[in-house]
Amino acid sequence: MGAGQFMKTYLPLLYFFLLLNAQTNGVEISGNAKTFPKTGLIELHGKEILLQGIQIISQNATCQDSNGEWSCGKNAWRALKNKLQLGPVHCTIASELQNTQGYPIKANCLMKKENIGIWLVSRGWALTNKKQDGFLSIQENLARENKMGIWRDDFIPPDLWRIS
């Protein structure tokens with residue numbers, strides 16, 4: 001079989017498999033989401049979802065400001081719950097295969113074309129993961145500079161004070 005015949009025979013087949021793979025890499029689910037503050041997750045259609053690239057403040061977290069201690073964790077989860085009650089959420093899961101061990105699914109979730117993770121970080125109710133893109137870091141820095149959410153006073157992120 002010559003190179004021309006090989007290309008005519010197998011190139012369309014290769015194209016078909018690449019197209020099929022590209023279409024199944026991202027799974028989308030939509031609907032009304034619920035918060036599960038104890039686990040740090042949201043739920044959508046029975047799937048536990050961890051918002052990609054961020055860590056929401058623990059529900060039990062307390063923060064200090066000039067007026068004393070306050071329940072920053074409860075405030076963060078209340079803000080997320082109120083946001084999710086505004087309408088349906090659309091999440092894109094990177095791959096169905098990522099949940100093979102029973103771990104939560106990581107997903108990017110939008111509400112009315114607004115990324116929920118970015119919304120939380122920009123309002124000071126979530127921290128970015130260490131290995132995150134520059135845009136989320138910029139949003140976190142803006143929230144810190146504007147003293148939003150947990151950044152009211154001198155909040156120190158856990159990764160800076162925890163012993164590794």
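**Close-up views of a predicted model and its two disulfides**

The torsion about the S-S bond of cysteine 63 and cysteine 72 is about 75 degrees, so this disulfide (a pair of cysteine sulfur atoms within 2.5 Å) is right-handed.

**View 1. The link between cysteine 63 and cysteine 72**. The sulfur atoms of cysteine 63 and cysteine 72 lie 2.1 Å apart. Both cysteines, 63 and 72, are buried, where buried means under 20% relative accessible area, exposed over 50% and partly exposed in between, with a 1.4 Å probe and protein chains only. A disulfide is a covalent bond between the sulfur atoms of two cysteines. The structure here is a predicted model, in which local features need pLDDT of at least 70 and side-chain atom pairs count only at pLDDT 80 or more, while totals for chains, interfaces and linings use all residues. Residues are numbered from 1 along each chain as its sequence is written, and side-chain values use heavy atoms, with hydrogens and water left out.

**View 2. The link between cysteine 91 and cysteine 109**. In this disulfide the sulfur atoms are 2.1 Å apart, and the 110 degrees about the S-S bond make the link right-handed. Cysteine 91 lies in strand 8 (residues 89–93) and cysteine 109 in strand 9 (residues 105–111), so the pair ties together parts that are 18 residues apart in sequence. Helices (H or I, at least four residues) and strands (E, at least two) are DSSP runs, numbered from the N terminus. Cysteine 91 and cysteine 109 are both buried. With the bonded cysteines numbered in sequence order, the pairing reads 1-2, 3-4.

**View 3. Strand 8 and its partners**. Strand 8 runs antiparallel to strand 1 (residues 27–31), joined by five bridges, and antiparallel to strand 9, joined by four bridges. Two strands pair if DSSP finds at least two bridges between them. Valine 27 stands opposite isoleucine 93 of strand 8, and cysteine 91 has cysteine 109 in strand 9 as its bridge partner. The side chains of strand 8 alternate: Val89, Cys91 and Ile93 point to one face and are buried, while His90 and Thr92 point to the other and are not.

**View 4. Cysteine 109 in the nonpolar core**. The largest nonpolar core has 35 residues, of which Cys109, Ile116 and Leu120 touch the most other members. Such a core is a set of buried Ala, Val, Leu, Ile, Met, Phe, Trp, Tyr and Cys residues joined through side-chain atoms within 4.5 Å. Helix 2 (residues 72–84) supplies the largest share of this core, six residues. Not counting residues up to four places away in sequence, cysteine 109 touches, among others, Ile42, Ile49, Leu51, Val89, Cys91 and Ile116; contact means heavy atoms within 4.5 Å.

**View 5. Helix 1 and the confidence of the model**. Mean pLDDT (the predictor's confidence in each residue, from 0 to 100) is 79 for the protein, and 73% of its residues reach 70 or more. Among the elements, helix 1 (residues 3–24) has the lowest mean pLDDT, 44, and strand 10 (residues 114–115) the highest, 96. Over residues 10–24 the pLDDT is below 50, and beyond near neighbours in sequence this stretch has three contacts in the model. Where pLDDT is low, the predicted coordinates should not be read in detail.
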